[in-house]
Structures are given as C-alpha cells and as structure tokens.
Amino acid sequence: MDGLNIGLSFSGGGYRAAVFHLGALSFLNSINVGDGKTLLEHVSVLSTVSGGTITGLKYMLSLAKKQDINDMVDELYAFLYNENLFEDFFANLEKGRTEDGMSFIKLMANIYDNKLFNNSVMGDLMDCVKNGPVERYSANATDFGNGLPFRFQVKSGLMVANDDRRNLKREDLLKITLGEALACSSCFPGAFEPMMFPDDFKVGSNGVMDKKGRFGIMDGGIVDNQGIEVIELAEESMRKKGKAFDLVIVSDVSSPYMDAYSPNKQMLPKCIGKWTLGNIQKGVRWTGALTTLLWIASILAGNHYLIGAMTVVWGLAAVVNLIMARSKKKLVNLLSKTIVGNITPWLKHLSLADIESLLMNRATSVLMMTSSVFLKRIRKMSYSSLHDDEEWHNRLITNTIYELRPEEKWAFMRKNNNLPEYLAPSPAMQENSRKAANMKTTLWFTQEDKDNGYPEAVFAAGRYTICYNLLKYIEDIQKDGDNTNENHELIISCKQQLMEAWAKFQENPLEGAI
C-alpha cells in the first residue's frame, strides 16, 4: 500500500477565493501526520481555477524554489493585502495595446509576472512535479474556440495544455509565464476580453509560432469553477495503475444560493423619463428652427455676441439632428433585415424610461444568467458527479466558505444529534463566516474592506473551516469505515491536533491569522 494520497482543488472567486484557500493551505501545512509529513505534503494532485490559481501557482513556485511554506503564505498574503491591482492596471495602461486594440487581460498578465511571480515560467515547475510532493498540477481555463477546458498542466515530467487538438509544442508551453497562465485562468467575462493565443503571450511575440490557429482563452470557472474534473481524470489515471485517492478536498468559496431576479428601478428623473423619441426629435427640430430665427434677428440687430452664441447653438442642434437622422436610418435598415421588420412607426412612441427599462432589465438578466444561474447549475452537476458516485464514499470533503454561518447545515445536523456538540461553531465563528462569505468577488481589497477586517476574516475562515471538516470527516469514518484503508488511520491520528486547534478557534476564530 502506497502512502496517504490526497487530491486538492481550489475554486474560483477572486481575492476571496485566493485568501480563503491560502488559509486552508496554511492549516493543512500545520497538521503533522504520523509518518513525519504534514497533510499538505500528502497532496499529490492540485487543481485550481481563477482566484484559486493565484494561491495554487504561488504554492507550486514555492515548491520549485524550495521556499518555506510559511514564508510563502506570509508573502502571498502581504501581496494580496497591500497590492492594489486596480491602480497598477491604470498606471500601466499603455502596455496593454495590441494589434487588435486594448487588451486588459494581457496587461494583467504582465502585472502578475512582474509583481507576483518574478517572470517565472511553467517550465520552472517541472522539478517539483518530478520530485514531489505534487505530482500533477493544473491551472484551469476555458478554450473560447471550442468551449472545452484548457489546462496549463505539469505532470510526471510533462507540460501539457488542453489536448492534442491544438498541436501545441512542449518547448513553447514550457515558456508560458505563470502570469499568463493565471491571467487566462482568472479572465472572467464582462471584466476582460479573451486572452489570445499565441498573440498575447510572450512566447508568441517572437513571431516563430503559427498564428493561423489563434484562439481565445478565458476563465476556467465558465466550465468548471471547482476544478473537479481534473481530480476525476487523475483518479481515472491512478486506477489504471492500481492506485486511488484516499481523500479529496474541494475548497470552494461559491455557494448554491443566489438572489432572486427583480426588475431594475427607474433611474432617470420622471420628468425626463416621459420624453419619447418622437418628442426629442421634434424638440431638436424646433430648437434648430428657433435658433435660426434668433440668429437672423441678431444679424439684423448687429449684436455680435448674440450672433456667436446662436451660431454655436444652431451648429449643435444641426449636428444632433444629423446624428439622430443617420442613426435612425441605420437602425431601420438593420431591423428591416430581422424578424421584426419595419418598426419605425412604433419607435417614436418609446419613452426614455421605456428604453432604460428595456436595456437595463435585459442586461441584468443576462449578467445574472452567466454569473449565477449557469455557474450554480454547473456547480451542482460537478458536485453530483462526486456525491452520486459510491466510489467516492468516505473519500470526499467539501470545504466551503459559507457553511459555518448561522442556520447553515451544521445547525440542522446538531439539532438532530448528527453532529457532535463540540463541533458546533461558536457565535464569534459564525459571525466571522458570515462576514467572510459576504465579501464580494474582486481582484483587490479596498480600503473599506481592510477597515472592516475582510482579509483577516476570509483567511481565518479558510483555516478553521478545513479544521472543522477534517474533524467531521474523522468522526464519520470512525462510525462507518466502509471504503477506507490503513492510510485513513494516518488521518485519524491527526484528531488530537485538530481538536486542540478547534478549541482555540472556538475561543478566537482569528487564531493563527496573519
């Protein structure tokens, strides 16, 4: 029997994800297993998405450089806390220009390379997968040429990206920078445009790569925000060699909950909202006519100041009228080619409030569909592939940022005596989890976030939530040993350490926070 084998995945979710997973990682590194290694040192496969890739790549680079893990944790937390990527972004705006226009995501890749990874490349990670502990790492993105996952992977001495369909050469993939891999993995729609391969990559800027097969890459959360598929593929590969994971931990800052849709409230003042397109067009015409009369009158009166003013107003009215006429013509021509046909007679009856409502409600619903509905559905399908498969019984932990808030599942389990009394989170811990879960998905901490203690709350939540889940897991497998082996005894041997840490967290949820 080989040693304890753990798979770990970090979900997407911006800085909230990066800091929560960093907390979980630091705690796993603090628990010593009976064989002289920490739980973190038994993680053989790591899969990360979007914000989780910030933590994943930094951890992998620390292994490659043989950096102390605690030093890496301190260094990354300081970066996330102090570095304002928003300011860095606008300070380096000129560097984001490409032949296709401004590329915000290429600019972010450069910032990551310079500020976070010191221009390291994927090839730098090769030694750490050859010599362990992580044998396979994947920074997950989405191929916007075929809708499939695109993975920046290092495993068993090989560097692969996605699959053979792209015909990408290994020597080129090794030169992809960590900042570029992170930018692709965290390139969420709406905020960024796809990162074009090879154009936006440094390896493609030398002109030696074939650009005929260029394609875009975006956020990995579009197809799998929890990074679960890589874990399943790794398990499948291990099975062929007679191996398997003893435990898989899915660390996740997303949740199954979502706010219900509600129509947007009118933002325009009512007096302006009542204006129709027909009224505006008439108003512009009347303004032009009246200005023309006043202009003629000022000429006859010899008032040079009035002549100048009326000339400017008349010119503006003429420009607006011309723009409206041309826009109307183009819109009519465009609509005439669609199913709605010629709707010109009805357009003039639309008020500005109507237009605001039509545009804002559609924009809100599309945004909600892509950022919530689709992601929640994909999340459920990903988890179902694990929870509905008996092969994963007693081999799975989900570590979620929201689960220790008041009135979550733990409360119902405790009420029904399905959770040991000592595992019920303290009121302070519940409130800290509420705060951590409420942090928005962003790529920076605002001063208000810092003043309200969000970074500390999220990091602490990552630490005590994984402690809770490990203890709960041990309680479960001690009652039901089905599908376990002697390696699980190594996990059970950690129970005393976990209970001591949990007692400290109960007293002070921020115990061990940076």
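## What counts as exposed

A residue counts as exposed when its relative accessible area is over 50%, as buried when that value is under 20%, and as partly exposed in between. By that cut-off, Lys-66 is exposed, because its relative accessibility is 74%. Please keep in mind that the structure you are looking at is a predicted model.

Lys-66 is also a handy place to begin with the backbone. You will find Lys-66 in the loop that links α2 (51–64) to α3 (69–82). Its phi is near 55 degrees, which is positive although the residue is not a glycine. In general, most residues other than glycine have a negative phi, and most peptide bonds are trans.

## Two more backbone spots to look at

Asn-417 tells a related story. Its phi is near 60 degrees, again a positive value in a residue other than glycine. Asn-417 sits in the loop between α16 (409–415) and α17. Is this residue buried or exposed? Asn-417 counts as exposed, because its relative accessibility is 62%.

For a peptide bond of interest, turn to Phe-197 and Pro-198. The bond from Phe-197 to Pro-198 is cis, and its omega is near 5 degrees. Pro-198 belongs to the loop that runs between β8 (195–197) and β9 (215–219).

## The chain as a whole

Stepping back, the chain contains 21 helices and 11 strands. It has 514 residues, and 47% of them count as buried. Its accessible surface is about 25,600 Å², and carbon and sulfur atoms account for 56% of that area.

The contacts also say something about how the chain comes together. Among contacts with a separation of 6 or more, 75% are between residues 24 or more positions apart.

## β5 and its partners

Now follow β5 (136–143) through the model. This strand is largely enclosed by the rest of the structure, because eight of its eight residues are buried. Which strands pair with β5? Its partners include β2, β6 and β9.

With β2 (residues 43–49), the pairing is parallel and has five bridges. Within that pairing, Thr-48 is opposite Ala-139 of β5. With β6, the pairing is antiparallel and has seven bridges. Here Ala-139 has Phe-152 of β6 as its bridge partner. β5 and β6 make a hairpin with five residues between the strands, and Gly-147 in its turn has a positive phi of about 75 degrees. With β9, β5 runs antiparallel and is joined by three bridges. Asp-143 and Ile-217 in β9 stand opposite one another.

## β10 and β11

Another pairing worth a look joins β10 (residues 247–252) to β11 in the parallel sense, with five bridges. One facing pair in this arrangement is Val-248 with Leu-396 of β11. Strand β11 (residues 396–400) is mostly covered, with four of its five residues buried.

## The largest pocket

Rolling a probe the size of a water molecule over the atoms shows where empty space is left. In this model, the largest pocket has a volume of about 1,500 Å³. It is lined by 44 residues, and those closest to its centre are Ser-371, Ser-372, Leu-375, Lys-376 and Thr-441.

Which helix gives the most to this lining? That is α15, with 11 residues. The elements that each supply at least two lining residues are α1 (14–28), α9 (221–224), α15 (352–387) and α17 (427–438). Sorted by class, the lining of the largest pocket holds 18 nonpolar, 19 polar and seven charged residues.

## A cavity beside β5

How many cavities of 30 Å³ or more are there? The count is one cavity. The space in the largest cavity is about 60 Å³. Its lining brings back some elements from earlier: β5, β6 (149–155), α9 and α10 (228–239) each contribute at least two residues.

If you would like to find this cavity in the viewer, select Asn-140, Ala-141, Pro-149, Arg-151, Gly-220, Val-223, Asp-224, Gly-227, Glu-229 and Val-230, which line it. By class, that lining has four nonpolar, three polar and three charged residues. Two elements deserve a second glance: α9 supplies residues to the lining of the largest pocket, and α9 also supplies residues to the lining of the largest cavity. β5 supplies residues to the cavity lining as well, and β5 is the strand with eight of eight residues buried.

Methods:
Residues numbered from 1 in each chain as written. Predicted model: local features only at pLDDT ≥ 70, side-chain atom pairs only at ≥ 80, totals over all residues. Heavy atoms only, no water. 1 Å grid on protein atoms, 1.4 Å probe; cavity = no way out; pocket = protein on both sides within 12 Å on 5 of 7 lines; lining within 4 Å. Points joined across faces, edges and corners; volume = space filled by probe spheres on them. Nonpolar A, V, L, I, M, F, W, Y, C, P; charged D, E, K, R; others polar. Buried < 20%, exposed > 50% of the residue type's maximum accessible area, 1.4 Å probe, protein only. Contact = heavy atoms within 4.5 Å. Areas by Shrake-Rupley, 256 points an atom, 1.4 Å probe, with all protein chains shown as cover. Pairing = 2+ DSSP bridges.
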